Amino acid sequence: MIPAHWLPHYRQGDGELLGYLVPEAEQYLPVTVFGYGLAAAADEDDAGQVLENVGLGYLADTWLLTLEDRDDPINVQIVEASPERLRVKSVDYGWEQDYGTIIELKVPDDGRLGR
């Protein structure tokens, strides 16, 4: 679950949630709706602009997921992303599990997901 002190950032045109601004000292870290950091911390306006520029395009990307029992990360795509839940599916033919296996991850991101 997203911490209550994170500031939601909504797209100016339609009010869609783009991510959050995480307060860090006197700056803000721009993160996705599931808490993955998108850039270095900056002032509130610049951090918000990062979210505006990135939009929700990151949802269509292929990501890398680190697994405890495997040396190399696997390729996954996001199936569902919200402040409450993140579900990804395997798109890695080299993984022992079935292609398309759904994996539910913690929100906010716990460092297992990468680009």
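This report walks through the strands, core, aromatic residues and salt bridges of a predicted model.

## The three-stranded sheet

Let's start at the N-terminal end. Here we find an open sheet of three strands in the order β1-β2-β3, paired antiparallel. β1 (7–10) and β3 are the edge strands, each with a single partner, so one side of each has no neighbour in the sheet. On average, neighbouring strands here are turned by 35 degrees against each other, if you ignore direction.

Between β1 and β2 (residues 17–24) there are four bridges, and the two strands run antiparallel. In this pairing Tyr10 sits opposite Leu17 of β2. The helix α1 packs on the sheet and touches β1, β2 and β3, with its direction at about 150 degrees to that of β2.

## From β4 to β6

Further along the chain, another set of antiparallel pairings turns up. β4 (residues 62–65) is joined to β5 (residues 74–81) by four bridges, and the two run antiparallel. One residue to look for is Trp63, whose bridge partner in β5 is Val76.

β5 then carries on to β6 (residues 86–90): five bridges join this antiparallel pair. The two strands make a hairpin with four residues between them, and Ala81 has Leu86 in β6 as its bridge partner.

The loop of that hairpin is worth a stop. Ser82 is found there, between β5 and β6. Is Ser82 buried or exposed? Its relative accessible area is 15%, and under 20% counts as buried, so Ser82 is a buried residue. Leaving aside residues up to four places away in sequence, Ser82 touches Val33, Phe34 and Val107.

## The nonpolar core

In soluble globular proteins, nonpolar side chains tend to be buried together. In this model the largest nonpolar core has 30 residues, and those with the most contacts inside it are Phe34, Trp63, Leu65, Leu86, Val88 and Leu113. Contributions come from along the chain: β2, β3, α1, β4, β5, β6 and β7 (102–105) each supply at least two residues. Which element gives the largest share of this core? That would be β2, with five residues.

Leu113 is a good place to zoom in. Not counting residues up to four places away in sequence, Leu113 touches Phe34, Tyr36, Trp63, Leu64, Leu65, Val76, Leu86 and Leu105. Two of the names in that list, Trp63 and Val76, have already come up as bridge partners across β4 and β5.

## Aromatic residues

The model has five aromatic pairs. Take Phe34 and Trp63: their ring centres are 5.8 Å apart and their planes are at 70 degrees, so this pair counts as edge-to-face. The pair links distant parts of the chain, with Phe34 in the loop between β3 (27–31) and α1 (44–54), Trp63 in strand β4, and 29 residues separating them.

Both Phe34 and Trp63 are buried. They also belong to a wider group, as Phe34, Tyr36, Tyr58 and Trp63 form one aromatic cluster. Phe34 is a handy landmark here, since this residue is also among the contacts of Ser82 and of Leu113.

## Salt bridges

Side chains of opposite charge can pair when their charged atoms come close. The structure holds five salt bridges. In one of them, Arg11 pairs with Asp14, the closest N and O atoms being 3.0 Å apart. Arg11 is partly exposed, at 29% relative accessible area, whereas Asp14 is exposed, at 52%.

Another salt bridge brings Asp61 together with Arg115, and here the closest N and O atoms are 3.2 Å apart. Asp61 lies in the loop between α1 and β4 and Arg115 in the segment after β8 (113–114), so this pair ties together parts 54 residues apart in sequence. Asp61 is partly exposed, with a relative accessible area of 31%.

Back at the hairpin strands, the side chains of Glu80 and Arg87 meet in a salt bridge at 3.4 Å, N to O. Salt bridges with shared partners join Glu80, Arg85 and Arg87 into one network. Glu80 is partly exposed, with a relative accessible area of 27%, and Arg87 is partly exposed too, at 22%.

Technical notes: Residues numbered from 1 in each chain as written. Predicted model: local features only at pLDDT ≥ 70, side-chain atom pairs only at ≥ 80, totals over all residues. Heavy atoms only, no water. Pairing = 2+ DSSP bridges. Phe/Tyr/Trp six-rings, centres within 6.5 Å; stacked < 30°, edge-to-face > 60°. Buried < 20%, exposed > 50% of the residue type's maximum accessible area, 1.4 Å probe, protein only. Axes fitted to C-alpha atoms, helices over the stretch in contact; angles between N-to-C directions. Contact = heavy atoms within 4.5 Å. Core = buried A, V, L, I, M, F, W, Y, C linked by side-chain atoms within 4.5 Å. Salt bridge = Lys/Arg side-chain N within 4 Å of Asp/Glu carboxyl O.
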